[in-house]
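Open the model in your viewer and show it as a cartoon, with side chains ready to switch on. The stops below say what to select and what is found there.

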Amino acid sequence: MAASNSRWNIRRAAILATAFVSGVLSEDLLVTSGFSNCKTESNSIHVQKVDISYNNADKTVTFDVAGTSDKEQNVMATLSVTAYGNDVYTNEFNPCEQKTYVKQLCPVPKGTFGANGTQAIPDKYSNSIPSIAFQVPDIAAEATLQLKSLDDGKEVGCIQSQVTNGKTASVAAVPYIAAGIAGAALLVGGAGAIGAAFSGGAGAAGGAGGAGTFSPSFGEVFGVFQGFAMNGMMSAQLPQVYRSFTKNFAFSTGIIPWTQMQVSIDNFRSMTGGNLTNDSVEFLKNATLIYPDGSTSSGNGSAFKRAVDSVVYLATRDIDTSADTTSTGGDAPTTTESTVRAAVSGIQGYVQQLSVPQANTFMTVLLIVAIVIGVIVVGILLIKVVLEAWALFGSFPESLTGFRKHYWGSIARAITSLILLLYSVWVLYCIFQFTHGDSWAAQTLAGVTLAIFTGILIFFSWRIWHIARKLKNSEGDTTGLYDDKKHWVKYSLFYESYKKDYWWIFVPVIVYMFAKGCVLAATDGHGMVQTISMLVVEGLMLILLIWSRPFERKSGNVVNICIQVVRVLSVACILVFVEEFGIVQTTQTVAGVVLIAVQSALAGILAILIGWNAIVACCKQNPHRKRRKEMEKLQRDRDALTPLDARNSLLLGRTESNKSGVSFSYANAVADVKRPLDRRDDSPERYTGVAIEPSSGYSPLDVPFSNRPLTPSTPMGVGADQSRQPLVSHAAPLGSSQQPTIPNLGGGYGGYSGYGQQQNNGYSGYRGAGY
């Protein structure tokens, strides 16, 4: 056996370092990723391993091939490369010729064989490779190697392999960045909600309101990412570059690759009527997924990672050949043949590229959501336990008392918010389970959960409509939904972001989410119908937002209308990918790159706005909550007013008028006790501190001040009636030796009783109303 020395030496290390420094691995390299034999029955040569890379910097091809042959034979090899449906490179060579001589393949021996090495490519062939092939990520290219017998010219072997340039839009860091942006929106908007949870009833309303009115909110950002992912699930001929981009946002729809979970779901399906033959984790490990645009993908692992591993391995090898052995020199990465080529599209193609079998889709999302709900419940209960322990050993802030009493309400509110956030994708996966699932238990769970989620949203919608109708009938408007703390705490998460006149917008939003998920799942596999239907749904929602502009803040209207415009444009661009229109792949790829740029720009703008909201949140308050708090404070101030309270100064100079136009001033009032004034009581004390002032020139009381009936012409205490002196004779002195006396009203008031009887609509009317 001929084998090269696998030990590292200075020359090989220098080659590898130079490759990294010069950017060969990511700029000027084409690498095969995965392969499959074209035919398996009549071919006498079966390839078991293929790793081929082309270095555009030095115009060389590095290869590593292994396989088996039924007999010894001379072959002619033809290598052809297609990109975006066009033939970009074709080369035919004989392994026995001097320029392309490969000893082990001249002739191909009987039994197992292996060969690896480097071949220089003539300029006439290397110049035919377009430069775009090294720049565009996720190029839709495929290499085919055909082996023909020199004796009769028949094909004796054939392999196909996807070609990548090392660039991809599916980068492991992108999902974390996207999750970080959504998390930042949750922190910025949820700071009030968290404080609300701790403060209980009243705070829950206000805090949640603060979270809902800032745009972009967590729900809006998460909805944008869900939209990106759902675009990648459409059944059109999506370019590979755009499909890889949308793969980064799969987490927002609940699709998270987790091999052990998929194995458990496979076992569950097998026990409940599922068929694992062509739809399981084991099946995907050996499958090559073929998409409508002709690009391929592996159902297990990352093509980019395998390509880099192959480059690192090939860059450190010399020409190495072996015969009659299954062993190859060096520690090579294992590149196994994809024994199955499965045509996929739509939702199936999206989830299977993440190593999730299509029949496992709903169960995967169900388990992920169950974990999230469990985390929410356990987290809130843990806080409850901490507060109880705190209460035993010390006193905690009064603001936490509400959460301590109403923690179950916080749990219910959080779960309802989660349902509202995931309702669109939940409808999508449930309907997809009904149409593509094979387990009766999974289909039952899909039906039950969809009914529960839909029932919860219908109940809240009906309840809010019912309350709004009662408020409309009793108060004339529906502002009670915002001003009444009881209603706000329970239901504000549905309408907190909207103006008072557009509280009902949450109902068409729920209908929009249902329609979006239903259309995408029900029309799966029908690209044109699906795309047009989605365009109609998104367009109607855009029209509704432009017509109503329902958000309380102007920024909310601007942000949400811009988001909806991007959604409409995204679906319009996907029309370019519809197969029935026959648009060439190069144009589709350009449209895909433009779509990536637009959606990436939207994500970046949202991230900037979230940062801005973090600053604004420190200065501004939810307008609904602010108005409600002001009303509550005003009500408390009114209820707390007392005669001795400094705030009683608000009454200074305050006047009340009766129907006759007579104004009574209470500026000199000394008592705040309201009691009936007996008309038969002749005591002058009933007039103490009361002065009648005319407010109209036509008043019968419009007489000179000195002659007014209720104004004594004689100073108080002068000519007093001595018969009344005993009433105050025993009173305590008022800080001086002079004792208080009661004025002698005499006959000055005698004529007033008759006058008062004639003016029943005057002073007597006032006594009935005021006292």
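A residue counts as buried when its relative accessible area is under 20%. By that cut-off, 46% of the 771 residues of the protein chain are buried. The model is a predicted one. Its chain holds 22 helices and 15 strands. Of the contacts between residues at least 6 apart in sequence, 72% link residues at least 24 apart.

**Stop 1: strand S7 and its partners**

Select residues 141-149, which make up strand S7. Seven of these nine residues are buried, so the strand is largely enclosed by the rest of the structure. Now add residues 75-83, strand S4, which runs antiparallel to S7 and is joined to it by nine bridges. To find the register, pick Val 75: its bridge partner in S7 is Ser 149.

Next add strand S8, residues 155-164. S8 is also antiparallel to S7, with eight bridges between the two. Here Gln 146 stands opposite Cys 158 of S8. Follow the chain from S7 into S8 and you pass through a hairpin with five residues between the strands. Gly 153 lies in this turn and has a positive phi of about 75°.

**Stop 2: loops around the strands**

Select Asn 94, in the loop between strand S5 (86-93) and strand S6 (111-120). Is Asn 94 buried or exposed? Its relative accessible area is 11%, so Asn 94 is buried. Show everything in contact with Asn 94: beyond the neighbours within four places in sequence, the residues are Val 75, Met 76, Thr 100 and Leu 150. Leu 150 is 56 residues away along the chain from Asn 94, and the two C-alpha atoms are 9.4 Å apart.

Two further loop residues are worth selecting for their backbone. Most residues other than glycine have a negative phi. Lys 59, in the loop between strand S2 (45-55) and strand S3 (60-69), has a positive phi of about 55° although it is not a glycine. Its relative accessibility is 23%, so Lys 59 counts as partly exposed. Asp 138 lies in the loop that connects helix H2 (123-126) and S7. Asp 138 also is not a glycine, and its phi is positive, near 55°. With a relative accessibility of 8%, Asp 138 counts as buried.

**Stop 3: an open sheet of three strands**

Select residues 287-290 (strand S9), together with 296-298 (S10) and 340-343 (S12). These strands form an open sheet with mixed pairing, in the order S10-S9-S12. S10 and S12 stand at the edges with a single partner strand each, so one side of each has no neighbour in the sheet. From one strand to the next, the twist averages 30°. S9 and S12 are parallel and share four bridges; Leu 289 is the bridge partner of Ala 342 in S12.

**Stop 4: helix H5**

Select residues 240-247, helix H5. Seven of its eight residues are buried: Gln 240, Val 241, Tyr 242, Arg 243, Ser 244, Phe 245 and Thr 246. What do the buried residues of H5 pack against? Their surroundings come from strands S8 and S10 and from helices H4 (218-232), H9 (346-352) and H19 (585-616).

**Stop 5: the nonpolar cores**

Turn on the side chains of Phe 225, Trp 426, Leu 481, Phe 494 and Tyr 495. In the largest nonpolar core, which has 99 residues, these touch the most other members. Helix H12 (residues 407-436) supplies the largest share of this core, 14 residues. Centre on Tyr 495: not counting residues up to four places away in sequence, it touches Ile 464, Leu 481, Tyr 482, His 487, Trp 488 and Trp 503. Another core, of 36 residues, lies apart from the largest one and includes Val 75, Tyr 84, Phe 113 and Ala 143.

**Stop 6: helices H16 and H17**

Finish with residues 506-522 (H16) and 527-548 (H17). Their axes are 10 Å apart and make an angle of about 170°. Angles over 145 degrees count as roughly antiparallel, and H16 and H17 are therefore roughly antiparallel to each other. On the H16 side the contact is made by Pro 508, Val 509, Tyr 512, Ala 515, Lys 516, Val 519 and Leu 520. On the H17 side, select Gln 530, Ser 533, Met 534, Val 537, Glu 538, Met 541 and Leu 544. Coloured by class, this contact shows ten nonpolar, two polar and two charged residues.

Conventions: Residues are numbered from 1 along each chain as its sequence is written. This is a predicted model: local features need pLDDT of at least 70, side-chain atom pairs count only at pLDDT 80 or more; totals for chains, interfaces and linings use all residues. Side-chain values use heavy atoms; hydrogens and water are left out. Axes are lines fitted to C-alpha atoms, for helices over the stretch in contact, and angles run from 0 to 180 degrees between N-to-C directions. Angles under 35 degrees count as roughly parallel, over 145 as roughly antiparallel, 65 to 115 as roughly perpendicular and the rest as oblique. Contact means heavy atoms within 4.5 Å. Ala, Val, Leu, Ile, Met, Phe, Trp, Tyr, Cys and Pro count as nonpolar, Asp, Glu, Lys and Arg as charged, and the others, Gly among them, as polar. Buried means under 20% relative accessible area, exposed over 50%, partly exposed in between (1.4 Å probe, protein chains only). Two strands pair if DSSP finds at least two bridges between them. A nonpolar core is a set of buried Ala, Val, Leu, Ile, Met, Phe, Trp, Tyr and Cys residues joined through side-chain atoms within 4.5 Å.
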